[in-house]
Amino acid sequence: MKCTLLLTFVVLLVVCAEDTHAWFGGGGSSRSSSRSSDTSKSSSRSGSSNKNRKSGGGWWGGSRRSSSSRSGSSSVQKQETPKASVIDKVKGAIGGAIDTVKAKTKEAKNYVKGYVNGAKEMHSTYKEMKTVTKQMVKDGKSAKGADKYFHAKANYKAAQHGPGGKAAAKHISDVREAYQTAFQKGKNIVGKVSDKGYNEYAADSAKDQEANRHGQNGGDPNKYRTKDIPDKHKK
C-alpha cells in the first residue's frame with residue numbers, strides 16, 4: 001500500500017514537472033518567437049518607411065514631389081510667357097508696319113490726286129486770265145496789274161486741293177517765272193531787250209511771285225484785284 005502511494009506520488013511529480021516546463025520553458029520560447037515576429041514586423045515597417053522616404057513617398061515625400069511638380073510647371077509657364085510676349089510684339093510690329101504702309105499709300109494717292117487737280121486749276125485760271133485781260137483791253141479798260149489777281153487766284157484754288165495741289169502751284173509758278181525771266185535775260189544779252197527793260201521785267205516777275213505765294217498760303221486773291229476786272233471773275 002505504501003509502495004503504491006509512493007509510486008503514484010512520483011508519477012504525479014513527473015507529470016507536474018513536464019507541465020511546469022511546458023508552462024515556463026515553452027512559454028518563454030513562444031514569447032521569444034513572438035518578440036522576433038514583432039521585431040521583424042517593425043523592421044519591415046522601418047524598411048518600407050525608409051524605402052518610402054528614399055523614393056519620396058509618404059506625406060513628406062508626396063509633398064516634395066507635388067512641390068517639385070508645381071515648380072516645374074511654374075518654370076514652364078515662365079518660359080512660355082516670354083515666347084508669347086515676343087510673338088505678340090512681332091505681331092504688333094508687323095501690324096503697325098502694315099498700317100503705316102496703308103496710311104502712306106493713301107497719303108501718296110491723295111498727294112498725286114491733289115497735284116493733278118492743282119495743275120488743272122492753274123491751267124484753267126491761266127486761260128481765264130488771258131481771256132479776261134484780252135477782253136478788258138478790247139473794252140478800253142486797263143489790264144495793268146490784273147495778272148497779279150489771277151496769279152493769286154490760280155495758286156489759291158490749286159492749294160485748296162491739299163499738299164499736292166499746293167506743291168503743283170509752287171512748281172508751276174516757279175518754273176514759269178524762272179523760264180520767262182531767263183528768256184528775257186537771253187534777249188537782253190543779244191541786245192533785243194535793254195537793261196532797263198529787263199530790270200523792269202525782273203521786278204514785275206518778283207511781284208508775280210509775291211502774288212503766287214500769297215495764294216499758295218491761302219491768302220485772299222481779292223487783295224490784288226483791280227477795279228476794271230469784271231465782278232463775275234471774282235474769287
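Which residues are linked with D147 in a network of salt bridges? Select D147, K148, D204 and D208: these four make up the network. A salt bridge here is a side-chain nitrogen of Lys or Arg within 4 Å of a carboxyl oxygen of Asp or Glu.

This is a predicted model, in which local features need pLDDT of at least 70, side-chain atom pairs count only at pLDDT 80 or more, and totals for chains, interfaces and linings use all residues. Residues are numbered from 1 along each chain as its sequence is written, and side-chain values use heavy atoms, with hydrogens and water left out.

**Stop 1: the whole chain**

Show the protein as a cartoon. The secondary structure comes to five helices and zero strands. In sequence order the pattern reads α-α-α-α-α. Helices (H or I, at least four residues) and strands (E, at least two) are DSSP runs, numbered from the N terminus.

Now colour by accessibility. Buried residues make up 22% of the 235 residues. Buried means under 20% relative accessible area, exposed over 50%, and partly exposed in between, with a 1.4 Å probe and protein chains only.

Turn to contacts, meaning heavy atoms within 4.5 Å. Of those with a separation of 6 or more, 69% join residues 24 or more positions apart.

**Stop 2: the largest nonpolar core**

Select M129, V132, M136, A146, Y149, F150, A152, A211, Y224 and I229. These ten residues make up the largest nonpolar core. Such a core is a set of buried Ala, Val, Leu, Ile, Met, Phe, Trp, Tyr and Cys residues joined through side-chain atoms within 4.5 Å. Helix 2 and helix 3 each supply at least two of its residues. Helix 3 gives the largest share, four residues.

Which residues does I229 contact, leaving aside its neighbours within four places in sequence? Pick I229 and look for M136, A146, Y149 and F150.

**Stop 3: helix 3 against helix 4**

Next, show helix 3 (residues 146-159) and helix 4 (residues 162-189). Their axes are 7 Å apart, and they pack at an angle of about 150°. That makes helix 3 roughly antiparallel to helix 4. Axes are lines fitted to C-alpha atoms, for helices over the stretch in contact, and angles run from 0 to 180 degrees between N-to-C directions. Angles under 35 degrees count as roughly parallel, over 145 as roughly antiparallel, 65 to 115 as roughly perpendicular and the rest as oblique.

On the helix 3 side, select H151, N155, A158 and A159. Helix 4 answers with G162, G165, K166, A169, K170, S173, R176 and E177. By class, this contact has three nonpolar, five polar and four charged residues. Ala, Val, Leu, Ile, Met, Phe, Trp, Tyr, Cys and Pro count as nonpolar, Asp, Glu, Lys and Arg as charged, and the others, Gly among them, as polar.

**Stop 4: helix 4 against helix 5**

Keep helix 4 and add helix 5 (residues 195-216). The two axes come within 10 Å and cross at roughly 180°. Helix 4 is therefore roughly antiparallel to helix 5. Among the residues in contact are K166, A169 and K170 of helix 4, and Y198, Y201 and D208 of helix 5. This contact has three nonpolar, nine polar and eight charged residues.

Stay on helix 5 and pick H214. Not counting residues up to four places away in sequence, H214 touches G219, D220, K223 and Y224. Then measure across to K153: the C-alpha atoms of H214 and K153 are separated by 9.2 Å, although the two are 61 residues apart along the chain.

**Stop 5: charged pairs**

How many salt bridges does a search of the whole structure find? The search finds nine.

- E121 and K157: the closest N and O atoms are 3.5 Å apart. The pair links helix 2 (residues 58-138) to helix 3, across 36 residues. E121 is buried at 18% relative accessibility, while K157 is partly exposed at 27%.
- D174 and K170: their side chains meet at 2.9 Å, N to O. They are four residues apart in helix 4, about one helical turn. K170 is partly exposed at 37%.
- R225 and D231: the closest N and O atoms are 2.7 Å apart. R225 is partly exposed at 23%, and D231 is exposed at 55%.

**Last stop: K120**

Finish on K120 in helix 2. Is K120 buried or exposed? K120 is exposed, with a relative accessible area of 55%. The C-alpha atoms of K120 and A169 are separated by 9.8 Å, with their positions 49 residues apart along the chain.
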